[in-house]
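Thanks for making time this morning. I would like to walk through one structure with you, beginning at the ligand and then turning to how some of the helices are arranged.

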Amino acid sequence: MSTIFITGASSGMGKATAKLFAERGWQVIAASRSIGDDVELAAIENIETVTLDVTDPRQIRSVAADILSRFDVDVLFNNAGAVLFGPVEEYTDEQLDAQIAVNLLGPIRVTQAFLPHFRERRGGTVINTTSLTAMLPAPFMSVYSAAKAGLERWSFGLNLELDEFGIRVKTIVPGIVDTNLMVAGTVVQSDAYAVHLGEVFAAFGDPATAELFSTAEGTAAVVFGAATDGKTRVRYLTDATAKEYVAMMVGFGEETTQAFASTVMFG
Ligand SMILES: NC(=O)c1ccc[n+]([C@@H]2O[C@H](COP(=O)([O-])OP(=O)(O)OC[C@H]3O[C@@H](n4cnc5c(N)ncnc54)[C@H](OP(=O)(O)O)[C@@H]3O)[C@@H](O)[C@H]2O)c1
């Protein structure tokens, strides 16, 4: 039986991925901070839930040591993430550190903890959830976008570093997915930016924008493909929005595409 370790598995894409891999006969280790509350996943026979905060290096090391002593993990899916939404000017030191910790340093540290295992068995796949914002940064989410861009670029470099050991590194790049991400995120308000902030919020809630949303289940199917296709391909755009905007960037350039996106998506 193949085994996948998933971070951020209590909700959204991580949870959908856990359920899909379990349905397809994989052993799933589903991790997050609140996973202990998830009775649905805990009731599935081939899913083991484990509490993990990816911003806690000590906990990462002890969870990885425990899991690797009991399971031959084939795939690590670094999916945990969180949004900090609002003007950069207003972010506190703690908010800035936490945003980089969860979206960039967390996946790097979790991967570090699993790499000796993958290297010794000369094989394995690391899949990192980045974002369309890694290529098309969004206003009021510029630090989130920067962290995801860092994760995307790191993945490409690490893939080359690990090639000689038969370890693949891949990225999952969603556009906009209907999940709890914005609800669970930290929103920083600001009087100085109130008008544009309100416009961007309204754009997210606009029915026209809702048409751009894809599903967590659709993303999970792409993750399954990335884990099992045996290809050396690194980047997987998961939905129509991501594919269309990346194609637009190739055709029309970054700045034109960003100007277009700000009229359609960002108010
Ligand atoms: N939704 C989108 O439009 C979209 C687009 C592009 C990329 N993404 C990325 O997709 C990934 C999954 O997000 P989602 O949309 O499925 O959102 P979600 O439903 O909010 O899921 C986020 C998951 O991350 C976990 N998490 C948050 N902070 C954590 C921490 N410090 N340690 C461990 N786990 C943590 C949460 O669980 P706990 O609270 O239990 O820890 C939850 O399981 C994220 O990396 C996100 O940035 C989402």
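Which polar side-chain atom lies 2.6 Å from an oxygen atom of the ligand? It belongs to Thr 179, and I should say at once that what you have in front of you is a predicted model, so please hear each distance as a value computed from that model.

Staying with the ligand, the side chain of Ser 32 also takes part, with an N or O atom 2.7 Å from an oxygen atom of the ligand. Val 54, by contrast, contributes through its backbone, where an N or O atom lies 2.9 Å from a nitrogen atom of the ligand. As for how far the ligand is enclosed, on its own it has 880 Å² of accessible area, and the protein covers 92% of that. The elements that give two or more residues to the shell are α1, residues 12–23, and α5, residues 142–162.

Taking the shell as a whole, 29 residues surround the ligand, and Ser 11, Ser 32, Ser 34, Tyr 144 and Thr 179 are the closest of them. By character, the shell divides into 15 polar, 11 nonpolar and 3 charged residues.

Let me now follow those two helices away from the ligand. The axis of α1 comes within 8 Å of the axis of α9, which spans residues 216–228, and the two cross at roughly 55 degrees. At that angle, α1 and α9 are therefore oblique to each other, and the crossing is right-handed.

For α5, the partner to look at is α4, residues 93–120: their axes also come within 8 Å, but cross at roughly 15 degrees, which makes α4 roughly parallel to α5. Here, too, α4 passes α5 in a right-handed crossing.

How values were computed:
Residues numbered from 1 in each chain as written. Predicted model: local features only at pLDDT ≥ 70, side-chain atom pairs only at ≥ 80, totals over all residues. Heavy atoms only, no water. Near = heavy atom within 4 Å. Polar contact = N/O pair within 3.5 Å; in protein donor to acceptor, adjacent residues only side chain to side chain. Areas by Shrake-Rupley, 256 points an atom, 1.4 Å probe, with all protein chains shown as cover. Helix = DSSP H or I, 4+ residues; strand = E, 2+ residues; numbered from the N terminus. Nonpolar A, V, L, I, M, F, W, Y, C, P; charged D, E, K, R; others polar. Axes fitted to C-alpha atoms, helices over the stretch in contact; angles between N-to-C directions. Parallel < 35°, antiparallel > 145°, perpendicular 65-115°, else oblique. Left-handed = near helix turned anticlockwise from the far one by under 90°.
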